[in-house]
Amino acid sequence: MDDLAELAGLLQLPPVDEAHWRSSDWSAVEMALGVQLPGDYKAFVDAYGPGAVNDHLLICAPDASVGWTDLVDNNEMAQESCRIWFGGVDDDSSSRLEPAWPLGDSSRWDGDDVPDWFQPGDDLVSWGGTPNGDFLFWHVRPGVAPADHPVVLREHGPYFERFDGGFAMTLKGLLTGAVRSRYLTRWLQAPHSYGFAGRRDSNGRCLE
């Protein structure tokens, strides 16, 4: 059994090939994000949609109806929060009017909040978060296949945790205890569940 199938079982969800939330236009989504996304994440979202693991760990999806569940909107917020820390906290309101700069642009880094494992040219693309203001990312590195992008937690402090596995492997490990997190483990104790959120149509109207 692969990691995605085991994750579905832990969350008491039907098998991936028996569930269908929607078929997302992933090419358009990936163009908007500027990165190709891992296949296990896309399969999970197409099957089950956006929602919350154990009412805490939030998983986003394209065109979701609730603000925190929309993948592109969430990523914009998450990356902006990283820019604040990577570039040094600046209370000058004029700095907020500057165009967004790539997180991997080391010429903009200032201070000690860039983790050691994050190198120039890298990126962080967010796929979820928590109600506490934490964000979950993929650590995207040039030349690395999407399936090999490790998951990163950025606690709002900020404090970073970088896990070895990708989307399904990391979530499965967090739920079974094979992966430990200083911030997430206590929220992800059994029994496990997945609460669904809605989606919106091309006009922004809530469908569910």
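1. In this predicted model, strand β5, which covers residues 151-155, is joined by four bridges to strand β6, residues 159-162, and the two strands run antiparallel. Together β5 and β6 form a hairpin, with three residues lying between them. As a point from which to find the pairing in the structure, valine 152 may be used, since its place is opposite arginine 162 in β6.

2. The hairpin belongs to an open sheet of seven strands, whose order is β6-β5-β4-β3-β2-β1-β7 and whose pairing is antiparallel. The edges of this sheet are taken by β6 and by β7 (194-196), each of which has a single partner strand, so that one side of each is left without a neighbour in the sheet. From one strand to the next, the twist averages 35 degrees.

3. Further into that order, strand β2 (residues 57-59) pairs with strand β3 (residues 123-129) in the antiparallel sense, over two bridges. Within this pair, leucine 58 has glycine 129 of β3 as its bridge partner. Helix α5, made of residues 167-176, packs on the sheet and touches β1 (51-53), β2, β3, β4 and β5, while the direction of α5 makes about 155 degrees with that of β2.

4. Helix α5 also packs with helix α1 (residues 3-10), at an angle of about 40 degrees and with the two axes 8 Å apart. That angle makes α1 oblique to α5, and the crossing in which α1 passes α5 is left-handed. On the side of α1 the contact is made by Asp3, Leu4, Glu6, Leu7 and Leu10, and on the side of α5 by Phe167, Ala168, Met169, Leu171, Lys172, Leu175 and Thr176.

5. A second helix pair deserves separate attention. The axes of helix α2 (residues 26-33) and helix α4 (residues 71-86) come within 10 Å and cross at roughly 15 degrees; angles under 35 degrees count as roughly parallel, and α2 and α4 are therefore roughly parallel to each other. Their crossing is right-handed. The residues that meet here are Trp26, Val29, Ala32 and Leu33 in α2, and Leu71, Val72 and Asn75 in α4.

6. Among single residues, histidine 149 is one that a reader may wish to inspect, and its place is in the loop between β4 (135-140) and β5. Is histidine 149 buried or exposed? Its relative accessible area is 3%, and because buried means under 20%, histidine 149 counts as buried. The side chain of histidine 149 reaches the backbone oxygen of histidine 139 at a distance of 3.5 Å. If its neighbours within four places in sequence are left aside, histidine 149 is in contact with Trp138, His139, Val140, Arg141, Val144, Gly165 and Gly166.

7. For the protein chain taken as a whole, there are five helices and seven strands, and these follow one another along the sequence in the pattern α-α-α-β-β-α-β-β-β-β-α-β. The protein chain has 208 residues, of which 48% count as buried. When contacts between residues at least 6 apart in sequence are considered, 52% of them join residues that are at least 24 apart.

Conventions: Residues are numbered from 1 along each chain as its sequence is written. This is a predicted model: local features need pLDDT of at least 70, side-chain atom pairs count only at pLDDT 80 or more; totals for chains, interfaces and linings use all residues. Side-chain values use heavy atoms; hydrogens and water are left out. Two strands pair if DSSP finds at least two bridges between them. Buried means under 20% relative accessible area, exposed over 50%, partly exposed in between (1.4 Å probe, protein chains only). A polar contact is a pair of N or O atoms within 3.5 Å; within protein, one must be able to donate a hydrogen and the other to accept it, and residues adjacent in sequence count only if both atoms are side-chain atoms. Contact means heavy atoms within 4.5 Å. Axes are lines fitted to C-alpha atoms, for helices over the stretch in contact, and angles run from 0 to 180 degrees between N-to-C directions. Angles under 35 degrees count as roughly parallel, over 145 as roughly antiparallel, 65 to 115 as roughly perpendicular and the rest as oblique. A crossing is left-handed if the near helix is turned anticlockwise from the far one by less than a right angle, and right-handed if clockwise.
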